[in-house]
Amino acid sequence: ILNAIMLYLMFSAPPALDGGGLVAYAAVTYVLWGVTYTMMDIPYWSMIPAFTEGGKEREGLSTMARSCAGVGSAIITIITMLCVYRLGGGDERVGFKWFALIIAILFVLFTTITCVNVKEKSTVNVDSPSVGQMFRALIQNDQAMTVVITIVLINCAVYTTSNLVIYFFKYDFGGEGWYNSYTLFNTFGGAVQILSMMILFPLLRKFMGTIQVFYTGFAMAIIGYVVLLVLAFTNMSNVILLFVPGFFIFAANGVLTVLTTVFLANTVDYGQLKNHRRDESVIFSMQTFVVKLASGVAALIASICLQICNLSNDTTDTAAVVTAATSSVVGLRMTMTILPIICLLCGIFIFRKKYILLSYFVHNLYKVYFFIAEVGFFIVHYKYRNKLSTFFYIHFAQFSISRHNSYIPLFGRPS
């Protein structure tokens, strides 16, 4: 609700404001919108490890969530300016105000539907962690840190390319219709990314495990960047040819986005087994943080590239087409392809060296936890042979069987 209010206020600046006052208003409302969005985003994605178990169930929910997020983003991208023009009667300021109000109302409506209909399988009372406990939960969970670093590297690669691709079309691809070509390429890429989440990932999972699919995504992205670099040096002018590397890059990004969500959810179970605390929100707060971190790093890289290559950052469709120096164009090509490849290779190296939560281990993570605890109950039962220990043992075995139908207590049902 707070985020919906801030969304509306962000596009409802008082008409009397101008200059510095308008900048201050925009800065304050944008920061408050970002804070309230994070307050909503963290518990939303934390529902995945809270409501699912490792394996197909978690992969299916992650795929659905990411696919729907992509579809929602695509819909807004397509209809925003059309709705703004109609709602404002040609006045963009008024149009954005009413469009933001409509989106805010729909946001509250759909969030309410989610909260009313989604139920946890089980609830556990856990004390709110202190700031120190939050940092320890992250640092002590080596698998979470591995996944977080990998996500940062993947996002840095993707965002660097997405920030610079518009300059590639303006200064390298060129032509009077460069902006239309850029729009067409972006639309194609967005569609491929959504379809890769909905279709390609489930298809690959029929033949490969999650780790193999993850490495396949890395390989697809690297191949796409290599093909893009080769095509750039051929000085081609057909945007359809760019669909080939675009398919590999955007499809890989869709697959990797789903899998990094799954892997991050798995580290919550791992942290519970290792640290005896379940910290969904603490772990998934890193997802929002790494996206913003990678966006900032990529924006910095893009600005440095434009300065070094002496390229203007004017990307409006009415901007004059300028012929850039050959060295500037080469620098742009290298930055938007070679640098992402390096980031992806570093991500592969770190993930392969540090990540240990393979599919089989994740699927049996709860079984391992229950097995360890059951052995403890078994020892207590046979050591003291009293009614109290027998009572706890029986109820623990019943809970483990009801919680995991495939799990059978090692020592059988106690008489």
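# Exercises on helix packing and a cavity

The crossing of helix 8 and helix 11 is left-handed. This is a predicted model, and the exercises below walk through some of its helix pairs and one of its cavities.

**Exercise 1.** Work out how helix 8 and helix 11 are oriented to each other, and what kinds of residues make up their contact.

*Solution.* Start by finding the two elements: helix 8 covers residues 210-233 and helix 11 covers residues 326-354. Next, take the geometry: their axes lie 10 Å apart and the packing angle is about 165°. Angles over 145 degrees count as roughly antiparallel, so helix 8 and helix 11 are roughly antiparallel to each other. Finally, sort the contact by class: there are 22 nonpolar residues, two polar ones and two charged ones.

**Exercise 2.** Describe how helix 6 packs with helix 9, and name residues that meet there.

*Solution.* First, the geometry: the axes of helix 6 and helix 9 are 8 Å apart, at an angle of about 165°. With that angle, helix 6 is therefore roughly antiparallel to helix 9. The crossing of this pair is left-handed. Now look at the contact itself. On the helix 6 side, the residues include Val-147, Ile-151, Ile-154 and Val-158, while helix 9 brings, among them, Asn-253, Leu-256, Phe-263 and Leu-264. By class, the contact of helix 6 with helix 9 holds 10 nonpolar, four polar and two charged residues.

**Exercise 3.** Find the second largest cavity and say which helix gives the most to its lining.

*Solution.* Begin with the search of the whole structure, which finds two cavities of 30 Å³ or more. The second largest cavity has a volume of about 40 Å³. Its lining includes Ile-154, Val-158, Ala-221, Tyr-225, Asn-253, Leu-256 and Leu-344. Then match the lining to elements: helix 6 (142-173), helix 8 and helix 9 (243-275) are those that give two or more residues. Helix 9 gives the most, with four residues. As a last step, classify the lining: nine residues are nonpolar, one is polar and none is charged.

**Exercise 4.** Determine the orientation of helix 3 and helix 7, then break their contact down by class.

*Solution.* Helix 3 spans residues 56-88 and helix 7 spans residues 178-205. Their axes come within 7 Å and cross at roughly 160°. That angle makes helix 3 roughly antiparallel to helix 7. For the contact, you can look for Lys-56, Glu-59, Arg-66 and Val-71 among the residues of helix 3, and for Ile-194, Met-197, Phe-201 and Arg-205 among those of helix 7. The class count comes to six nonpolar, three polar and four charged residues.

Notes: Residues are numbered from 1 along each chain as its sequence is written. This is a predicted model: local features need pLDDT of at least 70, side-chain atom pairs count only at pLDDT 80 or more; totals for chains, interfaces and linings use all residues. Side-chain values use heavy atoms; hydrogens and water are left out. Axes are lines fitted to C-alpha atoms, for helices over the stretch in contact, and angles run from 0 to 180 degrees between N-to-C directions. Angles under 35 degrees count as roughly parallel, over 145 as roughly antiparallel, 65 to 115 as roughly perpendicular and the rest as oblique. A crossing is left-handed if the near helix is turned anticlockwise from the far one by less than a right angle, and right-handed if clockwise. Ala, Val, Leu, Ile, Met, Phe, Trp, Tyr, Cys and Pro count as nonpolar, Asp, Glu, Lys and Arg as charged, and the others, Gly among them, as polar. On a 1 Å grid over the protein atoms alone, a cavity is a set of points where a 1.4 Å probe fits but cannot get out, and a pocket is an open set with protein on both sides within 12 Å along at least five of seven lines; lining residues have an atom within 4 Å of a point. Grid points are joined across faces, edges and corners, and a volume is the space filled by probe spheres set on the points. Contact means heavy atoms within 4.5 Å.
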